[in-house]
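Please look through the notes that follow with the structure open beside you. They are written as numbered points, and each takes up one topic.

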Amino acid sequence: MDWTIQFDEAVSRYLPDLEVVCDEPMSRHTTFRTGGPADIYIEPSCAEELKQVLDICREENLAYTIIGNGSNLLVGDKGYRG
C-alpha cells in the first residue's frame with residue numbers, strides 16, 4: 001500500500017474532519033511563492049490536532065516539517081518528500 005494512502009487512513013481514524021492534501025504545491029505556502037509539491041500537506045486547526053498528527057507521523061516513521069507561516073522558507077522545485 002502506498003504510504004500516503006496509509007497515512008491518510010490513519011489520520012481519518014483519529015481526525016475524520018482534518019483534510020489531508022496530497023501533492024500540495026508549497027509555492028502556495030511560502031512568502032517567496034516558490035517550491036514544488038509536498039507529498040502530504042495538513043493544516044491542523046489547534047494544538048491538539050497538531051499533536052495527534054505528529055503522533056501518527058512518529059508511529060509511522062514518516063518525515064515531517066512544521067512550516068509555521070512559511071516566511072523565510074525555501075522549498076526546492078522537486079518538492080518535499082514527507
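1. The cysteines are a good place to begin, and it should be said at once that this is a predicted model. The sulfur of Cys22 has its closest cysteine sulfur in Cys57, and because the distance is 13 Å, the two are too far apart for a bond. Cys22 itself counts as partly exposed, since its relative accessibility is 41%.

2. Cys46 tells a similar story. Its closest cysteine sulfur is also in Cys57, here at 15 Å, which is too far for a bond, and Cys46 is partly exposed, with a relative accessible area of 38%. A disulfide is a covalent bond between the sulfur atoms of two cysteines. The cut-off used here asks for sulfur atoms within 2.5 Å, and a search of the whole structure finds zero disulfides.

3. We can turn next to charged side chains. Side chains of opposite charge can pair when their charged atoms come close. How many salt bridges does the count come to? By the rule applied here, which asks for a side-chain nitrogen of Lys or Arg within 4 Å of a carboxyl oxygen of Asp or Glu, the count comes to four.

4. One of these salt bridges joins Glu24 and Arg28, whose closest N and O atoms are 3.5 Å apart. The two partners can be described separately, for Glu24 is buried, with a relative accessible area of 10%, whereas Arg28 counts as exposed at 54% relative accessibility.

5. In helix H2, Asp55 deserves careful inspection. Asp55 forms a salt bridge with Lys51, and the closest N and O atoms of this pair are 2.9 Å apart. Because Asp55 and Lys51 are four residues apart in helix H2, about one helical turn separates them. Asp55 is partly exposed, with a relative accessible area of 26%, and Lys51 also counts as partly exposed, at 45% relative accessibility.

6. The side chain of Asp55 meets that of Arg58 as well, in a salt bridge with an N to O distance of 3.7 Å. Asp55 and Arg58 are three residues apart in helix H2, so about one helical turn lies between them, and Arg58 counts as partly exposed at 48% relative accessibility. Through salt bridges that share partners, Lys51, Asp55 and Arg58 are joined into one network.

7. Glu49 also belongs to helix H2, which covers residues 47–59. Is Glu49 buried or exposed? Glu49 is buried, yet it has no salt bridge, and the nearest side chain of opposite charge, that of Lys51, is 13 Å away. If neighbours within four places in sequence are left aside, Glu49 is in contact with Leu15, Leu18 and Pro44.

8. Finally, please look at the surface, where Leu50, Tyr64 and Ile66 make a nonpolar patch of about 260 Å². Of these residues, Tyr64 is found in the segment after H2, and Tyr64 counts as partly exposed because its relative accessibility is 35%.

Notes
Residues numbered from 1 in each chain as written. Predicted model: local features only at pLDDT ≥ 70, side-chain atom pairs only at ≥ 80, totals over all residues. Heavy atoms only, no water. Helix = DSSP H or I, 4+ residues; strand = E, 2+ residues; numbered from the N terminus. Buried < 20%, exposed > 50% of the residue type's maximum accessible area, 1.4 Å probe, protein only. Lys, Arg positive; Asp, Glu negative; His and termini not counted. Contact = heavy atoms within 4.5 Å. Patch = residues over 30% accessible without salt bridge, like charges linked within 9 Å, V, L, I, M, F, W, Y side chains within 5 Å. Areas by Shrake-Rupley, 256 points an atom, 1.4 Å probe, with all protein chains shown as cover.
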